Amino acid sequence: MPQASMNPTPYASDTHAMLRMSAQRDFRWGLAATTGAYHTLHIDANGLATFISPQTGRKWWIVARPIDNFNFDAFEDIELLVDPPFDVNRPSPKKFVLEAILLEPGMTLIMRPNTIHAVYTPTSCVTHGGHFYSTSTMRDTLAGMYHTAVLHQLITNTDHPPAYAAIRRLVDLFHCGLVEGRISNDDQARSHIPDVGTVEGLVDLLSTCTITMLLGVLDFRVYGTEKMPPHANRMWELHDDTPLPLNERLENQYSRGQCTEILDWANNHFQLTISSPNGTTADLSIKEVQATLFNRHLHLLEKYKQKADAAQFLQTGNFTAARIKTQLDAIPLRSDLKSADERLEKRLIANQKISVKVYNMAAVDGRQLQYQTMPLPDGSDPVEKLKLPALPNQQAIQALSDPDLEKYHAAYYSAAATKRVRNRDDRLRELCRAIGAMPPAA
Ligand SMILES: O=C(O)CCC(=O)C(=O)O
């Protein structure tokens, strides 16, 4: 049965709150442009698809399509925009064909994500439009996110942070439909859940999961701005204290967990058989496919950034190769871990470490509120396992004997790392970094 609409009414205050306070403005907008307005070539941010519908006036919408007809794989290439460096006014004819469409009232253009386009307004024009994600183009979304993360202001316009919440909601929908089995076949939402029995559906699912795993890396807010005060930069480097709000970090974690369950579900229900031209076949589990794909993506992102730096693209904000690496290394779900149990175990330890760190950071010097004990990499307690003194506050850290400091350092890092760091102050500083304690004054 069709449901009643969610339109605002004079009675339902929560509908107003939902519409007004949600990210609606990022996803549905009106745009007024005067005659002669011109937007140079760009990709819409956050891997979003776009629709646009003139209400009055006209717009020339100029899109670049791959030279190889409609082979959109070319738009995923990490060399596409860096070799040669993309010129927003004159794209290389070796890579792109430009086509223009004149949009008039009564028409709606729907544009897939990761489409390079420019817009010229020949007569003053008011348009309604919006952005959205579509399950069937999540692969383009992933590629668009890569381009806009690495090249940022050079290739995109407005960043829409609420887009990340939309990705998380999509994962929730997939989880509800696939793992929980709560979306029936006659529900309209069903067609937005990937059909994992087809290669296209599997690609949609794996792309969405890869995006979700990488949210903490691709979200530009994580890196802060050049205007961040020095102490904020120090906290970022020492404690992974990024400007991303804590609730969003936890939500990202939750979505990553949902992705793990979805992939486990897919792994239990499907397998991929690959046939070679000589007639031999090989069976691959969904987990193997995902592990290979994910590792490749981790590598690709680093490589893309290195290429952009080598091509001397202007570096924006704190989005440096070193910080991307830090973020990539912090992904608790590295797919090179062998079993689901091992992954889960690692993730639990990683989560526990994050919460101890956040707690200790809030405890400042541990005088009002004592530090909690940071577990060792295998999850055990250093006080029990290694008979080391507890470290409830700064005073206890400073009072550590040299041998105990050495043991602590080696336990959180490695014996080899401890050998390299000989100076007591450096060891203390790294110990503070490991447990989330306030770093000693430089
Ligand atoms: O209408 C315009 O001038 C530009 C709109 C645009 O490029 C976009 O929405 O991505």
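**Group meeting talk: a predicted model, its ligand shell and its helix contacts**

Let me begin with P84, which has its place in the loop between strand 3 and strand 4 (96–103); by strands and helices I mean DSSP runs, E of at least two residues for strands and H or I of at least four residues for helices, numbered from the N terminus. The peptide bond that leads from D83 to P84 is cis, with omega near 0°. Before going further, I should say that this is a predicted model, in which local features need pLDDT of at least 70 and side-chain atom pairs count only at pLDDT 80 or more, while totals for chains, interfaces and linings use all residues. Residues are numbered from 1 along each chain as its sequence is written.

A second backbone detail sits in the loop between strand 2 (38–42) and strand 3, where we find N46. The phi angle of N46 is near 60°, which is a positive value in a residue other than glycine.

Now to the ligand. Which residues are around the ligand? They are L31, A33, A37, H39, D44, T50, K59, V119, T121, T127 and G129, where a residue is near a molecule if its C-beta atom, placed from the backbone, lies within 6 Å of it. At least two residues of this shell come from each of strand 1 (28–33), strand 3 (49–66) and strand 6 (117–132), and strand 6 gives the most, with four residues. By class, the shell holds four nonpolar, five polar and two charged residues; here Ala, Val, Leu, Ile, Met, Phe, Trp, Tyr, Cys and Pro count as nonpolar, Asp, Glu, Lys and Arg as charged, and the others, Gly among them, as polar.

The record has something to add: an unreviewed UniProt entry carries the annotation "domain: JmjC" over residues 1–149, given in the numbering used here, with the feature name shortened, and such annotations may be inferred rather than shown by experiment. In the model, that span is 17% helix and 38% strand, and its end C-alpha atoms lie 42 Å apart.

Let us turn to the helices. The axes of helix 5 (residues 199–213) and helix 9 (residues 286–310) come within 11 Å and cross at roughly 50°; axes are lines fitted to C-alpha atoms, for helices over the stretch in contact, and angles run from 0 to 180 degrees between N-to-C directions. Why is helix 5 called oblique to helix 9? That follows from the crossing angle just given, because angles under 35 degrees count as roughly parallel, over 145 as roughly antiparallel, 65 to 115 as roughly perpendicular and the rest as oblique. The contact is made by L206, C209, T210 and M213 of helix 5 with V289, Q290, L293, F294 and H297 of helix 9, two residues being in contact if their C-beta atoms, placed from the backbone, lie within 7 Å. Sorted by class, this contact of helix 5 with helix 9 has six nonpolar, three polar and no charged residues.

Helix 5 also packs against helix 4 (residues 162–179), at an angle of about 135° and with the axes 10 Å apart, and helix 4 and helix 5 are therefore oblique to each other. On the helix 4 side the contact has I167, L170, V171 and F174, and on the helix 5 side L205, T208, I211 and T212.

Finally, helix 9 packs with helix 3 (residues 138–151) at about 40°, their axes 10 Å apart, which makes helix 3 oblique to helix 9. Here Y146, V150 and L151 in helix 3 meet L301, Y304, K305 and A308 in helix 9, and the residues of that contact divide into six nonpolar, no polar and one charged.
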